[in-house]
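Reader: I'd like a close look at one part of this model, the charged pairs tucked inside it, and then a tour of what surrounds them. Keep it relaxed, but give me the cut-offs.

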Amino acid sequence: MPLTADMFLIVCPLALLAGFVDAVAGGGGLISLPAYYLAGLPASTAAGTNKLSATMGTMLAVYQYGKSGKIERRIGLFSGIAAAAASALGVLLMKQLPDHTVRVLVMCCIPVAALFTLRGHGRGHGDKHFTARVTMLLAVGIGCAVGFYDGLVGPGTGTFLILLFVHIFGLEDVTASGTAKVTNLCSNLAALTSLLLTGDVLWLLGLPAGLCAMIGAQLGSRLTLKKGSRFVRGMMLCVLFLCRFVKHIGQGRKREPLWEQPNEEDAWDGSCSDFGGQLAAHQSRRGNRNDACRRNAFGPHDDYVPPFH
């Protein structure tokens, strides 16, 4: 696919913003995936290239949160393994759907994800002590559900994970965000691998966008660790606000052609070597077609004399 300067100008700044938002509160895909649609990429190529840039940003965010001890390792491990397997299945299903169906599905899920963000934000109810077995089962269930959604649709995955970790496990917001990054990274890697195998990654666009996403992730994770839970919740509300502006970007508009291609009957006769012969052949066909229309209008038994050509 040919690349233009406009594609980089559209995707790279929004990838930086998406990396920042995703590192804080998840939901970076609400910004980055419609940006790839706006740049003119097909649905599967947009999904693959978005996974590349998102994975690069998420890797840096995981490093920052892990260095600060803001990751619940057991929950992140179990949910991450389950999310990786489910995400690959989601990608397989996405590849079987028509391009237009995937776009509509994504753009319908974006406002739902934003509404879930608005209504679900809040503080955890304290660390809930589950047995190791129950913790594993809950983490695997969350990973399977959200991972499959990530492979099939994508936007809002990190936000869903944060909310589920806060309300089910009672994690503090910053720790929930760090743990969600581990799960999201596993899911992104699995989906990216599947899309690489099918050739749906545009490297020349995804790598610069990924570098921008890493810059945004670095800024976002540092601010989150510095400012704490209130900043996370405020950014989650910003995700909703941004969604109001980007949710219609991915709905492709069918452009009218600048001209209509002539059909076989109206095309010039290539056997005629001169312009006069071509014009005569063209007018002859048009006249024959008009005669047929008049015969249909008058009926087969009416007296009708075709015009002289």
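Let's start with D150: is it buried or exposed, and what is its relative accessible area?

Author: D150 is buried, with a relative accessible area of 2%. Here, buried means under 20% relative accessible area, exposed over 50%, and partly exposed in between, using a 1.4 Å probe and protein chains only. Before going on, a word on provenance: this is a predicted model, where local features need pLDDT of at least 70 and side-chain atom pairs count only at pLDDT 80 or more, while totals for chains, interfaces and linings use all residues. Residues are numbered from 1 along each chain as its sequence is written, and side-chain values use heavy atoms, with hydrogens and water left out.

Now to the partner of D150. Its side chain meets that of K51 in a salt bridge, 2.5 Å from N to O. This pair ties together distant parts of the chain, with D150 in helix 6 (residues 132-152) and K51 in helix 3 (residues 43-67), 99 residues apart. K51 is buried too, at a relative accessible area of 8%. A salt bridge, by the rule used here, is a side-chain nitrogen of Lys or Arg within 4 Å of a carboxyl oxygen of Asp or Glu.

The structure holds 2 salt bridges. Besides the D150 pair, D200 forms one with K95, the closest N and O atoms being 2.3 Å apart. That link also spans distant parts of the chain: D200 sits in the loop between helix 8 (173-197) and helix 9, K95 is in helix 4 (residues 73-96), and 105 residues separate them. D200 is buried at 7% relative accessible area, whereas K95 is partly exposed at 30%.

Then there's a charged residue without such a partner. D22, which lies in helix 1, is buried yet has no salt bridge, and the nearest side chain of opposite charge, K181, is 4.9 Å away. For the charge count, Lys and Arg are positive and Asp and Glu negative, while His and the chain ends are not counted. Leaving aside neighbours within four places in sequence, D22 is in contact with G27, G28, T58, K181 and N184, where contact means heavy atoms within 4.5 Å.

Zooming out, the protein has 11 helices and 0 strands. Both are DSSP runs numbered from the N terminus: helices are H or I with at least four residues, strands are E with at least two. Of the 309 residues, 48% are buried. Among contacts with a separation of 6 or more, 81% are between residues 24 or more positions apart.

The nonpolar packing comes next. The largest nonpolar core has 30 residues, and those with the most contacts inside it are Y36, L41 and L205. Two or more residues each come from helix 1 (5-25), helix 2 (29-38), helix 3, helix 4, helix 5 (99-120), helix 6, helix 8 and helix 9. Helix 3 gives the most, with 5 residues. A core here is a set of buried Ala, Val, Leu, Ile, Met, Phe, Trp, Tyr and Cys residues joined through side-chain atoms within 4.5 Å.

Y36 belongs to helix 2, where the buried residues include G29, L30, I31 and Y36. With 9 of its 10 residues buried, helix 2 is largely enclosed by the rest of the structure. Right after helix 2 comes G40, with a positive phi near 100°. Beyond four places in sequence, the contacts of Y36 include V11, N50, L205 and A209. There's also a second, separate core of 12 residues, with I142, V166, F169 and A180 among them.

L205 and A209 are among the buried residues of helix 9. Helix 9 (residues 203-227) has 25 residues and reaches 35 Å from its first C-alpha to its last, close to the 36 Å expected; the expected span is 1.5 Å times one less than the number of residues. It is followed by G228, whose phi is positive, near 90°.

C212, also in helix 9, counts as buried at 18% relative accessibility. Its sulfur is 4.2 Å from the closest cysteine sulfur, in C12, which is too far for a bond. The structure holds 0 disulfides, a disulfide being a pair of cysteine sulfur atoms within 2.5 Å.

Last, back to helix 6, the home of D150. V146 lies there too, and at 8% relative accessibility it counts as buried. Not counting residues up to four places away, V146 touches T157, L161 and L164.
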